[in-house]
Amino acid sequence: MAQAEGRMLPEVTPDSRAFWTGGFDGELRINRCQACRQWIHPPVGACWKCRSRDVAPEVASGRGTVAAYTINHHPWFPAFPPPYVVALVELEEQPGLRLTTCLVDVDIDAVEVGMPVEVVFDIQDDVALPFFKAVAA
Amino acid sequence: MTFVEDRAVISGVGQSQIGRRIGRTGIDLALEAAERAVAHAGLTFDDIDGVASYPGPVAAEAGFVGATTHDVRDAFGIRTTWHVSGVETSGQIGTLLDAAAAVASGRATHVLCFRSVWEATAQAAGRAAALTTKMSRASGHSEFRMPFGAASPANWIGMYAQRYMHEFGLTREQIGKLVINSRTNAARNPNAIYRDPMTMEDYLNARMVSWPFGLFDCDVPADGATAIIVSRREATAGLAKPPISIEAAGAALYERHTWDQRSDLTTMASHDCTAAMWETTRFTPGDVDFATLYDGFSYLTTQWIEAFGFAEHGKVGQFLDDEENYRLDGRLPINPHGGQLSAGRLHGYGFLHEACVQLWREAGDRQIAKDLELAAVGVGGGPEAGCMLVRLAD
């Protein structure tokens, strides 16, 4: 079922397959330029910085900090009962390398910019969604 | 003023009936707005040889595409030498800027530009249902947001607002003053959706949508169409209105078209296009008499205020503290019609319409009293942005 349990799953493309399936092996896989070593997200087969086409997924640490967040109160999807926290998580690998994600197992009132978080995968159908949870600083 | 802006002018504007769930189709509304704009300019449909619209036939929520370029061309049998629509452009006015280039380069003489929406009627069954049933899997840019419950621009823009508030101390109360100012203005606009006065208590206590955005930080889906005629300057002699010059325009986008990778989360594409625009004009921010600034979400207006240079980066909160800066009788009136927050989501075109109506002094009870020559128009949010300076000299 494409739209499993009241949520919208991603359409997995050749470019995004590594990102959406790395979690089955416990790995957060992010595209990286093999020429200039720039990390790239969303995944695409070129480096926007140096324009090399030599780009491949690599395993990122899965650790980062909250760069921005919003506390959503509207019931958009049955699988996401409000309130929940949508966040931009900046990965520790590179300034400005961010994932839009959802924080889980978190005290909503304690969320703040700079808060350390780490990836936790939620397996749904054929994808492993990289959610993030708070960790001790 | 560049080659294009020197030759392209605005010769007339028109709007359809505007309202909530008025039960008319987007095409019907587009045709009404077009008829009014053509008549307002003193033209007939025989004079129109170009048509431009936003966004064109794209997959979207119900009512978002009220009418396509071809819908309007075909309905009135318009013989065009040039036509266009597009969604990958600089804000909702992007194809109108293309129309200016078309008349300047001789591809057309009078271009009917329009934006039509009937979201209120088409989505009467409920926005959430529309969202979750429109596609089975999230693709394109949605691919990396929808799976995390980040369904709405309220979420994506709310995060920008949160980061700005964190960096610079902007408060909900300061944003609220801008929202309330728009509502106060809307009370003078007979076509506005919401005209009842709003207090700060009303604003702060409204249902939370996506913090820091409450209900009144989000614009209101509406039914309505706006049409604007872009003409070649020398073809406007003897027409109904003195032409409004497009003094300058900005369409720049200097970073990737994403909602989460911009290098500085306290700026948006608005800053790119305004920077490019100011490079092409002798005018400066201090010369602007009033501004109409996009407010699909309240925070976007604060970004435009800074992007145009009306407040220093990081200082928009202090700008908002002093209502004299932006109220209808203030130094730089902002959104005299009430914006999309109170006058309805006519999706970008409403801001340019209001700028023209004010310059022609046809705004009725909400007419800005002081002399007006130069207006700043900023349209879009996030990675979508286009801007103009429009001018009516004596």
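**Close-up views of chain B and its contact with chain A**

**View 1. Nine strands of chain B line up in an open sheet.** An open sheet of 9 strands, with mixed pairing, follows the order 3-2-4-7-1-8-11-10-9 in chain B. As in every view here, what you see comes from a predicted model. Look to the edges for strand 3 (82-85) and strand 9 (290-293) of chain B. Each has a single partner strand, so one side of each is left without a neighbour in the sheet. On average, neighbouring strands of this sheet are turned by 25° against each other, direction ignored.

**View 2. Strand 9 of chain B meets its neighbour, strand 10.** Strands of a sheet pair through backbone hydrogen bonds, in either a parallel or an antiparallel way. Here, strand 9 of chain B and strand 10 (residues 374-379) of chain B run parallel and are joined by 4 bridges. To find your place, pick out Leu293(B), which stands opposite Gly378(B) in strand 10 of chain B.

**View 3. Val390(B) sits among the best-connected members of the largest nonpolar core.** This core has 158 residues, and those that touch the most other members are Leu112(B), Ile228(B), Val230(B) and Val390(B). Leaving aside residues up to four places away in sequence, Val390(B) touches a list of residues that includes Ile10(B), Ile244(B), Ile246(B), Leu359(B) and Val377(B). Ser245(B) and Glu247(B) are also among the residues that Val390(B) touches.

**View 4. Helix 8 and helix 11 of chain B cross.** The two helices, residues 172-186 and residues 298-308 of chain B, pack at an angle of about 95°, with their axes 10 Å apart. Helix 8 of chain B and helix 11 of chain B are therefore roughly perpendicular to each other. Helix 8 of chain B brings Ile175(B), Leu178(B) and Val179(B) to the contact, while helix 11 of chain B brings Ser298(B), Tyr299(B), Thr301(B) and Thr302(B). Sorted by class, this contact has 4 nonpolar and 3 polar residues, with no charged ones.

**View 5. Chain B meets chain A.** In this contact, 33 residues of chain B face 33 residues of chain A. On the chain B side, helix 6 (127-133), helix 7 (153-168) and strand 5 (208-211) each supply at least two residues. Helix 7 of chain B gives the most, with 7 residues. The side of chain B that touches chain A has 15 nonpolar, 12 polar and 6 charged residues.

**View 6. A strand from each chain pairs up.** Strand 4 (residues 63-72) of chain A and strand 5 of chain B run antiparallel and are joined by 2 bridges. A handy landmark is Asn72(A), whose bridge partner in strand 5 of chain B is Ser210(B).

Key:
Residues are numbered from 1 along each chain as its sequence is written. Chains are lettered from A and ligands numbered from 1 in the order in which they are written. This is a predicted model: local features need pLDDT of at least 70, side-chain atom pairs count only at pLDDT 80 or more; totals for chains, interfaces and linings use all residues. Two residues are in contact if their C-beta atoms, placed from the backbone, lie within 7 Å. Ala, Val, Leu, Ile, Met, Phe, Trp, Tyr, Cys and Pro count as nonpolar, Asp, Glu, Lys and Arg as charged, and the others, Gly among them, as polar. Two strands pair if DSSP finds at least two bridges between them. Axes are lines fitted to C-alpha atoms, for helices over the stretch in contact, and angles run from 0 to 180 degrees between N-to-C directions. Angles under 35 degrees count as roughly parallel, over 145 as roughly antiparallel, 65 to 115 as roughly perpendicular and the rest as oblique. A nonpolar core is a set of buried Ala, Val, Leu, Ile, Met, Phe, Trp, Tyr and Cys residues joined through C-beta atoms within 7 Å. A residue is buried if 20 or more other C-beta atoms lie within 10 Å of its own, exposed if 12 or fewer, and partly exposed in between; C-beta atoms are placed from the backbone.
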